[in-house]
Amino acid sequence: MDTSLEEPTTPMPLETCRLEVERKAVGAFLTVLQGSNGGRTFRLGETAVVGRSPQADVQLSDHTISRLHCRLRKEGENYVLIDLGSLNGTYVNGERVNCRVLADRDRIQLGNSLLQFAYYDRLEEAFFFQVAAAALYDPLTGLHNRRFFLEHLQREMAFARRHSFPLHLLYLDLDNFKLINDRWGHLAGDQALIQVAQQLQDQVRREDLLARLGGDEFVLMVRGVPEAQILQLAKRLRQAIQSLPLQVGAEVIHLTCSIGVASLLSLSAETSVQSFLEAADQALYQAKVQGGNREVLL
């Protein structure tokens with residue numbers, strides 16, 4: 001066989017050959033393999049409480065998990081998993097446990113969520129955090145992305161229906177945003193979106209879910225706020241955007257936005273995720289028709 005056209009082989013540095021030998025674990029981690037927070041990786045400290053409460057060190061948005069479900073505590077060179085009286089129990093490799101010393105790559109079942117306990121080196125740590133970021137977050141703004149939001153919303157809708165729990169969607173669109181791209185270019189538009197996203201994030205509660213759907217469209221899922229108060233929240237978000245001084249090129253401008261609001265309890269029991277989102281979008285359309293820079297509840 002004629003090998004004259006083959007590219008020459010690049011010599012591999014000797015340091016690369018030693019890479020596997022020199023790799024050492026830098027810490028213990030929990031990675032969500034399955035469940036509502038699938039893809040997320042949490043680095044563990046000396047102790048960490050896992051649950052769905054905002055007070056938990058590792059917060060999982062899974063309603064089959066107790067608010068404070070279990071604790072992982074470092075003892076010497078090992079981590080010990082302790083159940084905190086959870087309703088649905090804590091399982092390690094399929095066995096229900098109250099207290100267990102964890103081994104590398106043990107699998108922990110909490111409600112509908114499956115997690116892996118593992119010791120990662122720096123390469124593995126970087127890889128898993130990169131995978132989680134791609135699966136969960138919008139690369140421009142750092143907010144959750146459309147895919148994650150819709151998957152999460154489906155679970156929240158089921159919970160809200162079972163418990164007659166208020167659940168609202170706020171669909172937000174910037175007014176005349178295209179003018180920024182047309183006048184200053186898309187790079188300036190991207191910088192404006194980053195600033196808007198940060199301003200919105202500063203206004204919402206930890207238990208609510210904010211995402212960028214694409215372009216200049218954002219959506220916020222709000223749990224437990226009565227309908228009588230939801231327009232006040234929408235107005236506060238709108239005013240926060242309007243008060244934000246955006247640095248675009250050499251100029252400072254102020255954007256306005258329109259917000260459409262939909263309530264799950266006001267819709268039929270057969271409402272799908274897509275229909276719920278479309279209801280909020282229809283309310284947004286009405287806000288735009290009325291001149292923009294306002295909030296409308298469907």
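This report walks through the fold, one helix pair, the salt bridges and the cysteines of a predicted model.

Some ground rules: local features need pLDDT of at least 70, side-chain atom pairs count only at pLDDT 80 or more, and totals for chains, interfaces and linings use all residues. Residues are numbered from 1 along each chain as its sequence is written, and side-chain values use heavy atoms, with hydrogens and water left out.

**The chain as a whole**

The chain has 8 helices and 18 strands, taken as DSSP runs numbered from the N terminus (H or I with at least four residues for helices, E with at least two for strands). Of its 298 residues, 45% count as buried. Here buried means under 20% relative accessible area, exposed means over 50%, and partly exposed is in between, using a 1.4 Å probe and protein chains only. As for contacts (heavy atoms within 4.5 Å), 56% of those between residues at least 6 apart in sequence join residues at least 24 apart.

**Helices α4 and α8**

How do α4 and α8 lie relative to each other, roughly parallel or roughly perpendicular? Helix α4 (residues 146-163) packs against helix α8 (residues 273-289) at an angle of about 105°, and their axes are 10 Å apart. The axes are lines fitted to C-alpha atoms, for helices over the stretch in contact, with angles running from 0 to 180 degrees between N-to-C directions. The two helices are therefore roughly perpendicular; that label covers 65 to 115 degrees, while under 35 is roughly parallel, over 145 roughly antiparallel and the rest oblique.

On the α4 side, Arg 146, Leu 150, Leu 153, Gln 154 and Met 157 meet Val 273, Phe 276 and Leu 277 of α8. By class, this contact has 6 nonpolar, 1 polar and 1 charged residues. Nonpolar covers Ala, Val, Leu, Ile, Met, Phe, Trp, Tyr, Cys and Pro; charged covers Asp, Glu, Lys and Arg; the others, Gly among them, are polar.

**Salt bridges**

Side chains of opposite charge can pair when their charged atoms come close. The count comes to 12 salt bridges, each being a side-chain nitrogen of Lys or Arg within 4 Å of a carboxyl oxygen of Asp or Glu. Here are some of them, with the distance between the closest N and O atoms:

| Acid | Base | N to O distance |
|---|---|---|
| Asp 104 | Arg 105 | 3.5 Å |
| Asp 138 | Arg 212 | 3.2 Å |
| Asp 208 | Arg 205 | 2.8 Å |

The Asp 138 and Arg 212 pair links distant parts of the chain, 74 residues apart: Asp 138 sits in the loop between α3 (122-136) and α4, and Arg 212 in strand β13 (residues 209-214). Asp 138 is buried at 10% relative accessibility, and Arg 212 is buried at 14%.

His 144 lies in the loop between α3 and α4 and is buried too, at 15%. Beyond its neighbours within four places in sequence, His 144 is in contact with residues including Asp 138 and Arg 212.

In the other pairs, Arg 105 is partly exposed at 34%, as is Asp 104 at 39%. Asp 208 is buried at 9%, whereas Arg 205 is partly exposed at 33%. There's also a network of salt bridges linking Asp 173, Asp 175 and Lys 288.

**Cysteines**

How many disulfides are there? The count is 0, with a disulfide taken as a pair of cysteine sulfur atoms within 2.5 Å. Cys 70 is buried at 1% relative accessibility, and Cys 257 is buried at 0%.
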